[in-house]
Amino acid sequence: MRYHVMPLSEMARKVSQGQSLPEHAVALNFDDGYASNYELALPVLKEFGLPATIFLSTGFLDEGRPLWFHEADLAMTCQGASTRRLVRALRRLKTLPEEQMRAEVAGLVSEAGGLGELPEVLRPLTWQQAREMRAGGLVEFGGHTHTHPILSRCTVERQREEIVKCRDRMEAELGRRPRLFGIPNGYPADFDKTTLAELAAAGFEHAFTMTPGRVKASCHPLKIPRYGAPVSVWETEATASGAFELVRVWKAKGGPG
Ligand SMILES: [Zn+2]
C-alpha cells in the first residue's frame, strides 16, 4: 500500500477544520529530541522527502543530561537490576508526586555512584542541529515540556512552568512559537484538565497523547491519539493500514458473538 506522509501540523489543522485527509494519510513524529533524529532519521527523511515532527523536551537539549527515566534506568542497570524490576520501578515512579519522584531518582543515581558518560543513543540533539533541520524544511518541532515530568503528578504551578518554559526556550532557539505539543508519556492518567487548560493558555493548538487511535474530526484538538513506534515492518503495515484498528473496533463491539 502507498501512504501519503504529511506534516503533523497540516494533518491536525485539516482535521480540526473538518477537511478530509488524503487517502492513507500518515504523519511521522518523534519524542524527546535525541541526536539520533538528526544522525539516523534525517538522512532517511531526506532521501524519501518525508516530513516529520520532533517533540522537544527543551531541558534535555539545554543541559545534555539524561531524562529522569533514563537516569533511573541507567542507575538501576548499573546496580544489576533485572528488566522486570526496572519496568516495575519505572511504572511506579510515574505514579508518584513530581517532587517525590525526582527525589527517588536522585537517590537511585547516588546509590549507583553517578551515571558516568551518557550512552551514545541517549544523547540529545543540539539546538544547532534542530535549527538546521528546521531550515531544511522537512522537520517541524513541537513542545514536550522542559524536563519531561508526568504532568498529572505536578502542581498547577509546576505544570504551567514546564509548558511555558518549553515554549519560550523553543521560541528563543528556533525563532518561532511551537503550536504542537506531545504530552509526556501520554496515557490518560498522565495529564488532566489543568494540562489542557495550561496548554491552551500557552498557545498550543494541538496536543498528542499516546492513546492509540486514528485522527478524526471528532478528536479533541488537545487529545489527539497516536500510535507508538512499531517494532517491525509487519507491525507498521498493520498499524498504518488500519488492520489493528479494525480488530480494536470489533473487540469493542463485543468481538465474536
Ligand atoms: Zn517523551
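These are my notebook entries on what I looked up in this structure, which is a predicted model.

**Entry 1: the zinc site**

I started with the metal. Which residues hold the zinc ion? I found Asp-32 through OD, His-144 through NE2 and His-148 through NE2, at 2.1 to 2.2 Å. Written along the sequence, the spacing of these donors reads D-x111-H-x3-H. Asp-32 and His-144 come from distant parts of the chain, 112 residues apart. I placed Asp-32 in strand S3, residues 28–32. His-144 sits in the loop between strand S5 (139–143) and helix H8 (156–174).

Next I checked cover. Are the donors buried or exposed? Asp-32 has a relative accessible area of 7%, so I noted it as buried, the limit being under 20%. His-144 is buried as well, at 1% relative accessibility. His-148 comes out at 5%, and I put it down as buried too.

**Entry 2: the loop between S5 and H8**

I stayed with this loop, since it came up in the zinc entry. His-148 is found here, and Thr-145 lies here as well. I looked at the backbone angles of both. Most residues other than glycine have a negative phi. Thr-145 goes the other way, with a positive phi of about 70° although it is not a glycine. His-148, also not a glycine, has a positive phi of about 60°. So I have His-148 down twice: as a zinc donor through NE2 and as a residue with positive phi. For Thr-145 I also wrote down the accessibility: it is buried, with a relative accessible area of 0%.

**Entry 3: salt bridges**

How many salt bridges does the count come to? I got 17. I went through some of them one by one.

Glu-39 and Arg-123 meet through their side chains, with N to O at 3.2 Å. This pair links distant parts of the chain, 84 residues apart. Glu-39 is in helix H2 (residues 35–48), while Arg-123 is in the loop between helix H6 (98–111) and helix H7 (127–136). Glu-39 counts as partly exposed at 37%, and Arg-123 is partly exposed at 25%.

Then I took Arg-92 and Glu-104. Their closest N and O atoms are 3.0 Å apart. What does this bridge tie together? Arg-92 lies in helix H5 and Glu-104 in helix H6, so the pair joins parts that are 12 residues apart in sequence. I have Arg-92 as partly exposed, with a relative accessible area of 41%. Glu-104 is partly exposed at 27%.

Arg-177 and Glu-171 were next on my list. This salt bridge has its closest N and O atoms 3.1 Å apart. Arg-177 is partly exposed at 35%, and Glu-171 counts as partly exposed at 32%.

I also came across a network. Which residues are linked in it? Glu-98, Arg-102, Arg-158, Glu-161 and Glu-162 are linked by salt bridges.

**Entry 4: a charged patch**

I turned to the surface. A positive patch there is formed by Arg-84, Arg-85, Arg-88 and Arg-91. I picked out Arg-85 for a closer look. Where is Arg-85 placed? I found it in helix H5, residues 83–93. Its relative accessible area is 48%, so Arg-85 is noted as partly exposed, given that exposed starts over 50%. Helix H5 was already in my notes, as Arg-92 of the bridge to Glu-104 lies there.

**Entry 5: two distance checks**

Last, I looked up two pairs, going from C-alpha to C-alpha. Ala-201 and Ile-163 are 38 residues apart in sequence and 9.8 Å apart in space. Ala-201 lies in helix H9, residues 193–201. Is Ala-201 buried or exposed? At 64% relative accessibility, I wrote down exposed.

For the other pair, I took Gly-114 and Leu-151. They are 37 residues apart in sequence and 26 Å apart in space. I located Gly-114 in the loop between H6 and H7. That loop is also where I had put Arg-123. Gly-114 is partly exposed, with a relative accessible area of 27%.

Note on methods. Residues are numbered from 1 along each chain as its sequence is written. This is a predicted model: local features need pLDDT of at least 70, side-chain atom pairs count only at pLDDT 80 or more; totals for chains, interfaces and linings use all residues. Side-chain values use heavy atoms; hydrogens and water are left out. Donors are N, O and S atoms within 2.8 Å of the metal (3.2 Å for Na, K and Ca); water is not among the atoms, so sites may look incomplete. Helices (H or I, at least four residues) and strands (E, at least two) are DSSP runs, numbered from the N terminus. Buried means under 20% relative accessible area, exposed over 50%, partly exposed in between (1.4 Å probe, protein chains only). Patches are made of residues with over 30% relative accessible area and no salt bridge: like charges are joined within 9 Å, nonpolar side chains (Val, Leu, Ile, Met, Phe, Trp, Tyr) within 5 Å. Accessible areas come from the Shrake-Rupley method with a 1.4 Å probe; for residues, only the protein chains shown count as cover. A salt bridge is a side-chain nitrogen of Lys or Arg within 4 Å of a carboxyl oxygen of Asp or Glu. Lys and Arg count as positive and Asp and Glu as negative; His and the chain ends are not counted. The place of a charge is taken as NZ of Lys, CZ of Arg, CG of Asp or CD of Glu.
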